[in-house]
Amino acid sequence: MKPVLFLDELYGHLIMAGPSNAFFSSLRNHYYKNRLKKTGNFFSSSGFFILTPDKVSIGENCFFNRNVLIAAIPEGPSEIIIGDNCIFGPNVVITASDHPLDDLTKPMRMNDSIPGRILIESGCWIGANVTITKDVKIGKESVIGAGSVVTHDIPEFSIAAGVIGRASCRERV
């Protein structure tokens, strides 16, 4: 491993674990600024981490609470797009990949990942402990309740909650 790459990765891990204050948030913002596909200014708390940032776009004025994980896979057309003014509660997982279930003779970890796309439109509020899976679009100004697992599209101006999270109300929030 090249020393510069090692130091860059070490710096990244140190600032991801740094405290949830404006100084460390600005360090995280700066760290991802040149790594993300597209980014605006955002606030992030301790534990905010993005795998393969070159496949992720984040809009302006987003807030990421503690331990938010955004994961796209490096191979294939995997992509995650987050609009402007979105709020993410603690422990949110956004993952744009899945594992095939068609060959049960192979251990799951030996299967290739299936890439996908996630679009979270502007103005969304994603509650604590939410998981968003691949090939999902969350419409603008929607709210996803705490603990939900989102596996299907959510229309704009919706409130969705539960496992599996589905739209339960279609009103302007």
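**Helix α2.** I began with helix α2 and looked up which of its residues are buried in this predicted model, and I noted Ser-25, Leu-27, Arg-28, Asn-29, Tyr-31 and Tyr-32. The helix covers residues 22-33, which makes twelve residues, and I found that it reaches 16 Å from its first C-alpha to its last, close to the 16 Å expected at 1.5 Å a residue. At the N-terminal end of α2 I looked for a cap and found Asn-21 in that role, with a side-chain oxygen that lies 3.2 Å from the backbone nitrogen of Phe-23.

**The whole protein.** I then stepped back to the overall counts, and I wrote down two helices and 19 strands for the protein. Of its 173 residues, 43% count as buried, while the accessible surface comes to about 9200 Å², of which 59% belongs to carbon and sulfur atoms. I also looked up how contacts are spread along the sequence: among those between residues at least 6 apart, 28% join residues at least 24 apart.

**The five-stranded sheet.** In which order do the strands of the open sheet stand? I read the order as β1-β4-β7-β12-β15, with parallel pairing across the five strands. The edges are held by β1 (38-39) and β15, each of which has a single partner strand, so one side of each is left without a neighbour in the sheet.

I followed two of the pairings by residue. Strand β7 (residues 79-82) pairs with strand β12 (residues 117-120) in the parallel sense over four bridges, and here I found Ile-80 opposite Ile-118 of β12. On to strand β15 (residues 136-138), I noted that three bridges join this strand to β12 and that the two run parallel; Leu-119 has Lys-137 in β15 as its bridge partner.

**Cysteines.** How many disulfides does the model hold? The count comes to zero. I checked Cys-62, for which the nearest cysteine sulfur is that of Cys-86, 4.6 Å away, and since a disulfide needs the two sulfur atoms within 2.5 Å, Cys-62 is in none. Cys-62 is buried, with a relative accessible area of 2%. For Cys-124 the nearest cysteine sulfur is again that of Cys-86, here 4.9 Å away, and Cys-124 is in no disulfide either. I looked up its accessibility as well, and at 0% relative accessibility Cys-124 counts as buried.

**Positive phi angles.** Last, I looked for residues other than glycine with a positive phi, and I recorded Thr-52, whose phi is near 45 degrees. Thr-52 lies in the loop between β3 (49-51) and β4 (56-58). I also recorded Asp-135, which is not a glycine and yet has a positive phi of about 60 degrees. Where along the chain is Asp-135 found? I placed Asp-135 in the loop between β14 (131-132) and β15, and β15 is one of the two strands that I had noted at the edges of the sheet. Is Asp-135 buried or partly exposed? At 43% relative accessibility, Asp-135 counts as partly exposed, because buried would require a value under 20% and exposed one over 50%.

How values were computed
Residues numbered from 1 in each chain as written. Predicted model: local features only at pLDDT ≥ 70, side-chain atom pairs only at ≥ 80, totals over all residues. Heavy atoms only, no water. Pairing = 2+ DSSP bridges. Expected span 1.5 Å × (residues − 1). Buried < 20%, exposed > 50% of the residue type's maximum accessible area, 1.4 Å probe, protein only. Polar contact = N/O pair within 3.5 Å; in protein donor to acceptor, adjacent residues only side chain to side chain. Contact = heavy atoms within 4.5 Å. Areas by Shrake-Rupley, 256 points an atom, 1.4 Å probe, with all protein chains shown as cover.
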